[in-house]
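Reader: I would like to learn how to read ligand sites and a helix in a model like this one. Could you walk me through it?

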Amino acid sequence: MKRPPTDDLAEEPTGDRAEVTPPKTWAAGVPAVTHALSYALAEASPQTTGKTLLHLNQVGGIDCPGCAWPDPDPGHRTKNEYCENGAKHVNDEATGRRITADFFRRHSVAQLAAASDQWLNQQGRLTEPMVKRPGADHYEPISWHDALGLIATELQALDTPDEAAFYTSGRASNEAAFVLQLFARAFGTNNLPDCSNMCHESSGAALHASLGTGKGNVSLADLHHADLIITLGQNPGTNHPRMLSALEENKRRGGRIVAVNPLPEAGLLRFKNPQKPRGVIGQGVQIADDFLQIRLGGDLALFQALNVLLLEAEDTAPGTVLDREFIETHTNGFAEYAAHLRAGFSWPEVLEATGLTRYQIEQLAGLVLRSERIVLCWAMGLTQHRHAVPTIREAVNLLLMRGIVGKPGAGACPVRGHSNVQGDRTMGVWEKMPQEFLDDLGREFSFTPPAEHGLDTVDTIRAMREDRIKVFLALAGNFVRATPDSRATEEAMRRCRLTVQISTKLNRSHAVCGDTALILPTLGRSERDRQASGEQFVTVEDSMSAVHASYGHVEPASALLLSEVAILSRLARRTLGDRVDVPWEGFEQDYGVIRDRIARVVPGFENFNLRVAKPGGFTLPNPVNEGVFPTPSGKAEFSRNDFTMLTAPEGHLILQTIRSHDQWNTVPYTNNDRYRGIHGSRRVVLINRADLDALGLADGDRVDLVSVWDDGVERRAEDFRLVGYPTARGCVATYFPETNVLVPLDSVAAVSNTPTSKGVVVRLEPLPAAS
Ligand SMILES: Nc1nc2c(c(=O)[nH]1)N[C@H]1C(S)=C(S)[C@@H](COP(=O)(O)OP(=O)(O)OC[C@H]3O[C@@H](n4cnc5c(=O)[nH]c(N)nc54)[C@H](O)[C@@H]3O)O[C@H]1N2
Ligand SMILES: Nc1nc2c(c(=O)[nH]1)N[C@H]1C(S)=C(S)[C@@H](COP(=O)(O)OP(=O)(O)OC[C@H]3O[C@@H](n4cnc5c(=O)[nH]c(N)nc54)[C@H](O)[C@@H]3O)O[C@H]1N2
Ligand code: SF4
Ligand SMILES: [Mo]
């Protein structure tokens with residue numbers, strides 16, 4: 001793809017700029033602290049950096065806008081209850097750089113669309129509302145009043161409310177999320193696509209079908225006390241760094257940890273805790289006792305093999321392996337499941353799918369048999385595959401056979417991504433909320449919410465393509481970069497009549513936009529939020545269902561910023577007038593009023609304002625932990641899952657798209673990934689050296705990646721450097737979002753409709769060597 005001239009706009013460095021050093025074998029330690037501070041100080045003043053870091057994850061402080069990893073109980077928090085990446089994320093928001101109207105005068109929309117993601121983010125905080133009019137090539141300033149009026153007019157002009165879609169990214173607070181979904185439904189649509197559709201949707205779908213509730217059922221204490229933790233498809237050293245402290249604690253208590261991953265990720269191997277003296281001077285703690293280098297998509301086969309081995313062990317010594325009483329009283333379908341699994345089982349298939357040896361799998365089965373309390377942790381390596389839902393359901397089958405779901409020290413732990421992605425769902429941001437929730441919402445605000453399910457993320461893009469979505473509004477996020485099939489998605493987005501981005505920072509979704517486009521700049525979580533009733537706080541829910549408050553401590557980036565709640569409440573009032581009985585103005589003036597309404601609508605939030613005032617907040621009950629499975633049958637369901645594996649034709653490879661250590665989702669902070677030894681460029685392909693040999697290629701060669709899909713469309717990512725790397729055979733890795741262009745829109749997981757970002761069939765086309 002040729003880029004237009006860009007005056008001073010930075011382009012993305014090509015693959016030949018990459019420098020490669022050996023991957024690291026341990027995570028964190030002193031370099032983590034140094035890197036966090038140097039990034040923070042490059043962005044914000046020492047005073048602001050001090051303010052953000054001092055308050056990060058403390059009671060009365062800022063909830064880390066990084067991942068959804070939980071905080072320890074208030075009594076057990078350290079002074080530095082954050083990680084390198086948390087520090088980077090919060091200071092990226094608290095940056096001292098500003099984007100003013102003059103910036104948009106200097107840079108056309110086309111130029112911005114040609115700039116790199118990193119450059120866009122580095123320009124600083126958005127400071128005033130901007131509009132791009134139809135046919136214009138620049139954004140220009142617009143007042144809040146006119147901006148909101150423009151959106152209201154466009155919404156009112158739609159033939160049906162279903163021609164609008166309201167996207168949410170998981171950083172939005174509970175209060176903002178609740179207001180957004182209420183507005184969308186009062187307006188008349190359930191079109192509430194969100195980042196979760198691309199993230200843990202498969203986990204929610206699988207857990208819901210098996211256990212009756214889509215959330216995880218373990219706490220930090222369970223992780224500390226487990227006999228065995230199996231972590232699959234996740235890279236905690238980079239993406240949930242404080243999880244390593246929990247794993248370290250588990251090891252200290254004598255637990256065993258097994259990592260299952262195509263890549264030997266640094267944090268899974270060894271951890272030097274920067275908060276402890278021995279993490280500063282010592283060798284650190286070995287985290288994984290065993291590392292199973294699985295092939296992409298091989299986890300379903302792995303769990304089927306483990307579960308067959310459990311059945312066989314029970315045959316040999318009846319009554320010693322399965323929890324018969326639990327199975328009898330609390331589950332459905334065990335006999336059919338066992339018969340189906342045995343009938344379809346084949347070791348050669350399992351070994352091919354996993355790339356593991358039978359000995360390795362039997363060793364792990366032995367550990368499972370010897371462990372009373374087992375926690376299964378996972379993230380995107382399980383959820384972003386065609387067969388993600390059956391894979392996770394097969395993992396749950398293992399827990400059910402042992403009767404250890406919801407028991408102390410045991411259970412299922414989907415490790416969530418965005419800091420409030422779980423809370424947003426709890427607040428009703430979901431295109432298919434159950435009718436019971438809609439009824440309660442309608443009763444509380446005297447209207448009838450639409451019953452028909454709305455569009456998720458992939459279906460929203462399909463609808464844009466067919467001109468069925470005309471107005472698109474995003475509460476945070478970077479829709480065109482996060483979604484698959486970048487070229488098709490961008491084309492779809494450009495077909496919209498109006499696109500609106502409520503954002504803190506500039507990204508590509510501001511540059512690839514509809515006929516009319518609005519940028520509505522908003523307060524970040526680190527900033528003070530003053531409203532008519534005084535200073536406000538917001539609430540969030542972490543990966544383990546703890547709900548707590550977050551208070552901003554930094555002065556807003558601009559006097560013109562409005563909070564997310566203020567923007568949405570005003571927009572709702574302008575669009576709906578008195579059509580519904582909602583105190584929009586009251587919401588904006590005092591977020592406590594929103595929480596009072598949440599308390600009356602969302603189960604588990606009774607006396608919300610009172611309970612969230614307690615240091616550390618409160619934890620939502622999970623019925624599974626009380627032995628209750630709210631499935632239609634009232635029992636946990638065994639699931640019969642057919643064997644399947646990812647295959648690639650001769651000369652092809654399976655590609656996964658992952659995060660570097662120095663990025664926040666679609667936003668790369670630098671071009672380095674120091675744990676994997678990559679420096680200077682992100683356009684690299686990590687590939688097994690035996691695959692290089694087999695393909696007649698060499699480390700350092702430059703290639704285009706072309707993905708293979710049955711619609712005949714050529715999807716190509718240009719100019720990458722090959723890096724010989726210890727990844728599983730046949731399985732290559734590149735960074736997201738540079739290679740989202742390769743993920744076909746229609747390549748989605750069954751049931752969850754999640755793009756298969758970890759399982760794309762590709763071929764490598766060598767480029768002529770540079771002269
Ligand atoms: N610093 C930082 N932190 C983040 C984020 C960020 O961008 N930057 N993003 C946040 C978000 S939204 C999320 S969802 C999480 C994501 O957290 P992760 O899921 O850890 O993120 P990914 O980089 O996608 O890494 C996927 C991991 O799964 C492995 N994997 C891929 N496919 C398979 C497979 O088939 N089987 C197995 N067993 N393993 C596989 C990969 O090798 C890799 O280690 O992180 C959150 N935290
Ligand atoms: N190929 C591939 N694609 C993927 C993935 C993958 O692994 N591979 N992962 C998927 C996953 S797990 C996820 S979660 C999605 C992420 O998708 P998104 O959540 O849509 O993307 P982000 O990069 O997190 O969004 C960053 C933008 O959010 C805005 N922002 C940040 N903080 C705030 C705030 O407090 N308020 C507001 N209003 N705006 C804010 C900023 O403008 C910033 O530029 O991407 C998905 N896409
Ligand atoms: S582990 Fe996640 S929530 Fe905790 S400080 Fe790091 S980025 Fe923030
Ligand atoms: Mo995510």
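**Reading the ligand sites**

Author: Happy to! This is a predicted model, and a good place to begin is ligand 2, where a nitrogen atom lies 2.9 Å from a polar side-chain atom of Thr657. A pair of N or O atoms counts as a polar contact within 3.5 Å, so this pair qualifies.

Reader: Which side chain has an N or O atom 2.6 Å from a nitrogen atom of ligand 2?

Author: That is Glu564. The backbone takes part too: a polar backbone atom of Gly477 is 3.1 Å from an oxygen atom of ligand 2.

Reader: How much of the accessible area of ligand 2 does the protein cover?

Author: On its own, ligand 2 has 920 Å² of accessible area, and the protein covers 97% of that. The shell consists of 29 residues, the closest being Tyr167, Ser169, Ala482, Glu564 and Thr666. Sorted by class, 14 are polar, 10 nonpolar and 5 charged.

Reader: Let us read ligand 1 in the same way. Which residues make polar contacts there?

Author: Among them is Asn261, with a side-chain N or O atom 2.6 Å from an oxygen atom of ligand 1. Gln656 places a polar side-chain atom 3.1 Å from an oxygen atom of the ligand, while Asn665 uses a backbone N or O atom, at 2.6 Å. The protein covers 99% of the 920 Å² that ligand 1 has as accessible area on its own.

Reader: Which elements give two or more residues to the shell around ligand 1?

Author: They are helix 3 (84-93), helix 11 (236-239), helix 20 (380-383), strand 25 (653-658) and strand 26 (663-664). In the shell as a whole, 17 residues are polar, 11 nonpolar and 4 charged.

Reader: And what surrounds ligand 3?

Author: Its neighbours are Asn57, Cys64, Gly66, Cys67, Tyr82, Cys83, Gly86, Pro241 and Arg242. That makes 5 nonpolar, 3 polar and 1 charged.

**Reading a helix**

Reader: Now for a helix. Which residues of helix 17 are buried?

Author: In helix 17 (residues 334-344), the buried residues are Phe334, Tyr337, Ala338 and Leu341. They sit on the same side of helix 17 because they span an arc of only 95° around the axis.

Reader: What does the buried side pack against, and which exposed residues are on the face turned away from it?

Author: The buried residues pack against helix 15 (299-316), helix 16 (324-330), strand 13 (331-332) and helix 21 (388-402). The face turned away carries the exposed residues Ala335 and Ala343.

Definitions and conventions. Residues are numbered from 1 along each chain as its sequence is written. Chains are lettered from A and ligands numbered from 1 in the order in which they are written. This is a predicted model: local features need pLDDT of at least 70, side-chain atom pairs count only at pLDDT 80 or more; totals for chains, interfaces and linings use all residues. Side-chain values use heavy atoms; hydrogens and water are left out. A residue is near a molecule or strand if one of its heavy atoms lies within 4 Å of it. Ala, Val, Leu, Ile, Met, Phe, Trp, Tyr, Cys and Pro count as nonpolar, Asp, Glu, Lys and Arg as charged, and the others, Gly among them, as polar. A polar contact is a pair of N or O atoms within 3.5 Å; within protein, one must be able to donate a hydrogen and the other to accept it, and residues adjacent in sequence count only if both atoms are side-chain atoms. Accessible areas come from the Shrake-Rupley method with a 1.4 Å probe; for residues, only the protein chains shown count as cover. Helices (H or I, at least four residues) and strands (E, at least two) are DSSP runs, numbered from the N terminus. Buried means under 20% relative accessible area, exposed over 50%, partly exposed in between (1.4 Å probe, protein chains only). The arc is that of the directions from the helix axis to the C-beta atoms. Contact means heavy atoms within 4.5 Å.
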